[in-house]
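Hi,

Here is the structure I said I'd pass on. Have a look at it first, and then read on for what turned up.

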Amino acid sequence: MTAVTDKPRLSRAHALDLLKQMIRIRRFEDKCAELYTQEKIRGFLHLYDGEEAVAVGVIPVLEQRDRIVATYREHGQALVRGVPMTAALAEMYGKQQGCSRGRGGSMHLFDRATNFYGGNAIVGGGLPLSIGLALADHMRGDDIVTACFFGEGAVAEGEFHESLNLAALWGLPVLFVCENNLYAMGTALAISESETDIQRKAACYRIASEAVDGMDVVAIEAAARHAVRAVRESGKPYFLECRTYRLRAHSMFDAQLYRDKAEVEAWRHKEPIVRFKGWLEANHMIHPDDLARIEAEIEAEIAEAVAFAEGGTWEPVEQLTRFAYADEAA
């Protein structure tokens with residue numbers, strides 16, 4: 001159970017900030033989808049629509065010294081963490097000014113300054129990385145938390161079980177955040193896992209775990225406050241299963257034939273932005289002018305990011321072999 005002291009203090013300013021951050025992710029992803037159809041962004045593109053409450057609820061609770069490891073659907077986490085939108089979009093364009101110098105693209109956003117240890121194209125690939133980071137902090141005696149985001153599809157991978165086992169065995173400060181959107185890549189959870197209550201898998205490794213409504217940003221923030229404090233104080237892992245739903249296909253290549261349109265439409269009525277905005281309106285905590293201001297600020301930021309990415313430069317051909325090996329000058 002979440003303690004009373006873990007409940008967010010929902011002042012009007014804080015509530016509007018939560019809403020703005022979720023809308024900011026959604027509008028950015030909408031623009032990315034548009035740019036992808038124009039072939040400005042190439043390769044794979046995995047969008048976060050519907051899952052915004054998870055990133056917005058968890059990441060601001062962390063301290064700047066804490067670390068974040070994400071998946072290939074990581075744009076939202078990167079933006080909330082403080083990776084500049086300009087650098088994120090330039091990376092998707094493949095430009096040198098991108099946060100990974102244009103070499104990683106959509107699935108490999110990385111930013112040392114914000115301790116954002118990046119997206120990872122491998123399903124479950126971030127789990128062992130989070131264990132290594134946390135082990136280093138444990139050995140140094142630092143009370144730093146490593147938050148590792150992954151989807152429910154990763155629980156079928158060996159590194160999921162290996163990572164949870166080592167985190168429990170060695171007592172490592174990892175906050176595991178499972179973004180359970182029910183479909184992994186294109187297979188329903190109910191036909192891929194005999195145990196669909198994901199947080200119970202963590203309990204099998206004697207890791208404190210709980211499930212939370214992944215469409216409720218306030219519930220997620222409350223759970224995250226409790227979990228982060230537990231990890232920092234005990235030095236032991238904690239597992240959050242955020243039960244959410246992605247409104248878009250798995251990727252821009254996905255024909256999405258595995259789920260009914262009616263199901264997606266039903267979820268649109270309970271997605272996090274609609275839900276939280278409706279609650280704010282019902283409680284007279286938001287005014288039309290607030291929403292107009294938020295939308296205008298976000299649109300201006302996106303326009304700046306597009307201009308920055310468009311004006312960026314390509315990596316020189318003679319530099320393409322750089323970073324294949326360690327380079328002290330980098």
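How do the residues lining the largest pocket divide into nonpolar, polar and charged? Evenly, as it turns out: 4 are nonpolar, 4 polar and 4 charged. Before you go further, bear in mind that this is a predicted model.

That largest pocket has a volume of about 440 Å³. Its lining is made up of 12 residues, and C99, S100, R101, F110 and R112 are the ones that lie nearest the centre, so to find the spot on screen, start there.

The second largest pocket comes in at about 330 Å³. Its lining counts 24 residues, with Y72, V123, G151, G153 and A154 nearest the centre. By class, those lining residues are 11 nonpolar, 8 polar and 5 charged. Both α5 (126-140) and β2 (146-151) supply at least two residues of this lining, and β2 gives the largest share, with 4 residues.

Now for the inside of the protein. The largest nonpolar core holds 67 residues, and C32, I41, L89, F149, L175 and F276 have the most contacts inside it. Helix α1 (residues 12-37) brings the largest share of this core, 12 residues. If you want one residue to click on, try L89: leaving aside residues up to four places away in sequence, L89 touches F28, C32, L35, I41, A305, V306 and A309. There is also a second, separate core of 21 residues, L127, L133, F176 and I198 among them.

Shout if anything is unclear!

How values were computed: Residues are numbered from 1 along each chain as its sequence is written. This is a predicted model: local features need pLDDT of at least 70, side-chain atom pairs count only at pLDDT 80 or more; totals for chains, interfaces and linings use all residues. Side-chain values use heavy atoms; hydrogens and water are left out. On a 1 Å grid over the protein atoms alone, a cavity is a set of points where a 1.4 Å probe fits but cannot get out, and a pocket is an open set with protein on both sides within 12 Å along at least five of seven lines; lining residues have an atom within 4 Å of a point. Grid points are joined across faces, edges and corners, and a volume is the space filled by probe spheres set on the points. Ala, Val, Leu, Ile, Met, Phe, Trp, Tyr, Cys and Pro count as nonpolar, Asp, Glu, Lys and Arg as charged, and the others, Gly among them, as polar. A nonpolar core is a set of buried Ala, Val, Leu, Ile, Met, Phe, Trp, Tyr and Cys residues joined through side-chain atoms within 4.5 Å. Buried means under 20% relative accessible area, exposed over 50%, partly exposed in between (1.4 Å probe, protein chains only). Contact means heavy atoms within 4.5 Å.
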